[in-house]
Amino acid sequence: MTLDRVERMNAISPDMLGELAQVWDQFEREGSLRVAVVTGAGRKAFCSGADVSSVADKSRARTGVFERENSFTPLQAKVTKPTICAVNGVCAGGGLHFVADTDFTIAADSATFVDPHVSVGQVSAIETMVLARRIPHQAVMRMMLLGRAERLSAQRALELGMVTEVVPANRLRERALELAAVIASNSPDAIAASRACIWDALERPLHDAIRLAWPVLRAHGDNHPDAQEGPKAFFEKRPANWTVE
């Protein structure tokens with residue numbers, strides 16, 4: 001999935017919001033699609049955030065109801081399949097939604113990260129709230145409070161755990177697809193159950209999350225064909241034949 005408004009540094013427009021929601025729905029429903037990679041067109045920017053002209057446009061119908069206006073990321077759209085974010089340049093403001101709401105992020109060595117919301121009189125909340133559950137809280141607070149004065153390099157983002165790997169810019173897409181291919185070789189149903197448990201754990205006390213995950217783990221191990229096929233394929237030194245619905 002490529003954010004492609006190069007002339008606007010891949011800024012998110014109202015039309016793009018609708019298109020993204022449709023693409024996530026298609027990805028979720030299409031059984032042959034196993035992993036999604038989100039990146040930006042060109043090398044200058046991954047996503048510069050919301051298109052400023054649309055933010056200032058008061059003619060847009062805004063409801064204030066989260067679910068009605070936000071389904072443009074995999075987390076918001078309740079996607080159950082793996083997603084990777086590949087940041088190829090500037091990732092600013094609303095672009096951080098994709099870093100926060102995908103399963104993990106890799107970045108080009110030229111990538112930078114900034115949250116300019118408060119510097120232009122806007123509230124920074126949704127994407128930074130999710131990030132604060134995944135990386136050190138103080139790092140998110142510092143980035144939010146300093147606004148456009150705080151720009152993180154790819155290396156600093158790696159140190160904070162915002163990204164998991166930094167690669168040369170000309171290798172970014174290739175590396176993202178390599179990782180996607182490895183993920184796609186694993187059991188789809190085991191991945192779906194594992195993802196659901198780990199994302200759910202972000203919202204619960206650890207003990208509660210463990211108690212809820214245990215019956216999921218046991219049910220899969222006792223009843224799902226992949227739980228038997230995986231060890232069998234391993235000992236027979238062959239690729240596993242996963243159940244694909």
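Strand β9 (residues 165-167) pairs with β6 in the parallel sense, over 3 bridges. The model described here is predicted. Within this pairing, A108 has V167 of β9 as its bridge partner.

A second partner of β6 is strand β4 (residues 83-87). This pairing is also parallel and runs over 4 bridges. Here V87 is bridged to A107 of β6. Strand β6 thus takes part in parallel pairings with β4 and with β9.

The burial of β6 was examined next. Strand β6 spans residues 104-108, and 4 of its 5 residues are buried, that is, under 20% relative accessible area. The strand is therefore largely enclosed by the rest of the structure. In a regular strand, side chains alternate between the two faces of the sheet.

Attention then turned to open space in the model. A probe the size of a water molecule, rolled over the atoms, shows where empty space is left. The second largest pocket has a volume of about 750 Å³. It is lined by 22 residues. Closest to the pocket centre are L75, Q76, V130, W199 and E203.

Several helices contribute to this lining. At least two residues each come from α3 (66-69), α5 (126-131) and α9 (188-201). Helix α9 provides the largest share, with 5 residues. By residue class, the lining comprises 11 nonpolar, 8 charged and 3 polar residues.

Key:
Residues numbered from 1 in each chain as written. Predicted model: local features only at pLDDT ≥ 70, side-chain atom pairs only at ≥ 80, totals over all residues. Heavy atoms only, no water. 1 Å grid on protein atoms, 1.4 Å probe; cavity = no way out; pocket = protein on both sides within 12 Å on 5 of 7 lines; lining within 4 Å. Points joined across faces, edges and corners; volume = space filled by probe spheres on them. Nonpolar A, V, L, I, M, F, W, Y, C, P; charged D, E, K, R; others polar. Buried < 20%, exposed > 50% of the residue type's maximum accessible area, 1.4 Å probe, protein only. Pairing = 2+ DSSP bridges.
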